[in-house]
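Got the fold open on your screen? Let's take a walk through a few spots in it together.

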Amino acid sequence: MAEQDRRQNAPERGRSGTTAVVTGGGRGFGKAFGVALAAEGAAVVLVDIDGSAAEEAAAEIRQSGGSARGFAGDVTDETAMAAIMAEAGEIHGGIDVLINNAGLHSDEYSRPIRDMGLAKVRRLLDVNIVGVIACTLAAHPHMAGRAGSIVNIASAAAHLGGTAYGTSKLAVAGLTITFARELGADGIRVNAISPGLILTDTIRAELPEAAKERVKAMQYIDADGAEADIVEAMLYLTSDRARFVTGETLRVTGGMAAGV
């Protein structure tokens with residue numbers, strides 16, 4: 001029913017003629033972002049280090065009547081990202097939306113730095129921070145002058161501190177301000193979303209019940225966060241309704257990461 005309602009609303013929130021690139025688009029939030037943007041009429045380009053997953057997600061969108069292509073690519077590979085953005089821009093006449101969603105975020109990357117070791121920390125920072133920079137720089141020439149919108153995916157962990165993962169996402173929030181300032185003259189808005197505890201199928205399966213309850217106890221709202229909450233935040237930030245919003249990080253956490 002929710003998907004049907006979204007499709008019915010597509011004309012008033014129409015994105016026909018626009019192009020959206022989503023990194024980490026093969027599964028999870030990235031796939032959900034692609035589905036939602038395509039349902040509103042955008043031509044979607046899904047980029048994932050797992051090329052098969054990206055193409056499978058794109059095929060599902062096409063089967064539902066949307067426009068989508070899948071690409072294999074590591075967001076830390078500057079040359080590969082430049083090639084993908086150039087191809088997307090050439091095929092569709094430019095890029096209107098970039099969602100920097102790809103990132104490392106498992107329990108493996110939330111351990112103390114002394115336990116993770118330098119090699120693993122480097123990989124974490126390379127994907128979560130340098131990946132955002134590489135993709136933004138690669139997309140920029142194809143977005144300039146198009147009233148484009150970039151949305152970076154941070155995390156509630158950025159505002160709570162205590163882990164290398166949280167620090168990497170704090171850097172994403174900082175980069176959001178930096179790029180908002182640098183790209184504003186080209187008509188590009190740059191914002192971020194910090195999701196809190198979002199009970200996706202993966203989180204429900206992997207996160208111990210005690211951990212879920214501990215996080216929920218930190219929320220101001222006694223409710224479960226859903227993938228749709230993050231999707232709706234993305235749709236708002238990439239729409240004309242947010243035309244005067246840039247350099248912001250929207251915390252979708254039920255109050256867990258509230259702060260000033």
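What follows is a tour of one helix, a ring pair, a strand and two serines.

Before we set off, keep in mind that this is a predicted model. A good place to begin is helix H3, which runs over residues 51-63. H3 has 13 residues and reaches 18 Å from its first C-alpha to its last, close to the 18 Å expected at 1.5 Å a residue. Which of its residues are buried? In H3 those are Ala-53, Ala-54, Ala-57, Ala-58 and Ile-61. Look down the axis of H3 and you'll see these buried residues fall within an arc of 135°, so they line one face of the helix. Swing round to the other side of H3 and you meet Glu-56 and Gln-63, which are exposed.

So what covers the buried residues of H3? The cover includes helix H2 (28-39), along with strand S2 (43-48) and strand S3 (67-72). The ends of H3 deserve a glance too. At its start, Asp-50 reaches with a side-chain oxygen to within 3.2 Å of the backbone nitrogen of Ser-52. Just after H3, Gly-65 takes a positive phi of about 100°.

Helix H2 has something of its own to show. Search the whole structure for aromatic pairs and you find 1. The partners are Phe-29 and Phe-33, with ring centres 6.1 Å apart and planes at 25°, so the pair is stacked. With planes under 30 degrees apart counting as stacked, that label follows from the angle. Phe-29 and Phe-33 are 4 residues apart in helix H2, so about one helical turn separates them. Are these rings' residues buried or exposed? Phe-29 is buried, with a relative accessible area of 19%, and the cut-off for buried is under 20%. Phe-33 counts as buried as well, at 0% relative accessibility.

Now jump along to strand S6, residues 189-195. This strand is mostly covered, and 7 of its 7 residues are buried. Arg-189, Asn-191, Ile-193 and Pro-195 point one way from S6, while Val-190, Ala-192 and Ser-194 point the other way, and all are buried. What does S6 pair with? Strand S5 (residues 149-153) pairs with S6 in the parallel sense over 5 bridges, and here Asn-152 stands opposite Ala-192 in S6. S6 also pairs with strand S7 (residues 249-252), again in the parallel sense, over 4 bridges. In that pairing, Ile-193 stands opposite Leu-250 in S7.

Staying with S5, find Ser-149, which sits in that strand. Ser-149 is buried, with a relative accessible area of 2%. A polar atom of the Ser-149 side chain lies 3.3 Å from the backbone oxygen of Leu-237. Beyond residues up to four places away in sequence, Ser-149 touches Asp-96, Val-97, Leu-98, Met-143, Arg-189, Leu-237 and Thr-238. You've met Arg-189 already, as one of the buried residues of S6.

The last stop is Ser-239, in the loop between helix H11 (227-237) and S7. Is Ser-239 buried or exposed? At 11% relative accessibility, Ser-239 counts as buried. Leaving aside neighbours within four places in sequence, Ser-239 is in contact with Arg-15 and Arg-189. That brings Arg-189 back into view, since contact with it is listed for Ser-149 and for Ser-239.

Definitions and conventions:
Residues numbered from 1 in each chain as written. Predicted model: local features only at pLDDT ≥ 70, side-chain atom pairs only at ≥ 80, totals over all residues. Heavy atoms only, no water. Helix = DSSP H or I, 4+ residues; strand = E, 2+ residues; numbered from the N terminus. Expected span 1.5 Å × (residues − 1). Buried < 20%, exposed > 50% of the residue type's maximum accessible area, 1.4 Å probe, protein only. Arc of directions from axis to C-beta. Contact = heavy atoms within 4.5 Å. Polar contact = N/O pair within 3.5 Å; in protein donor to acceptor, adjacent residues only side chain to side chain. Pairing = 2+ DSSP bridges. Phe/Tyr/Trp six-rings, centres within 6.5 Å; stacked < 30°, edge-to-face > 60°.
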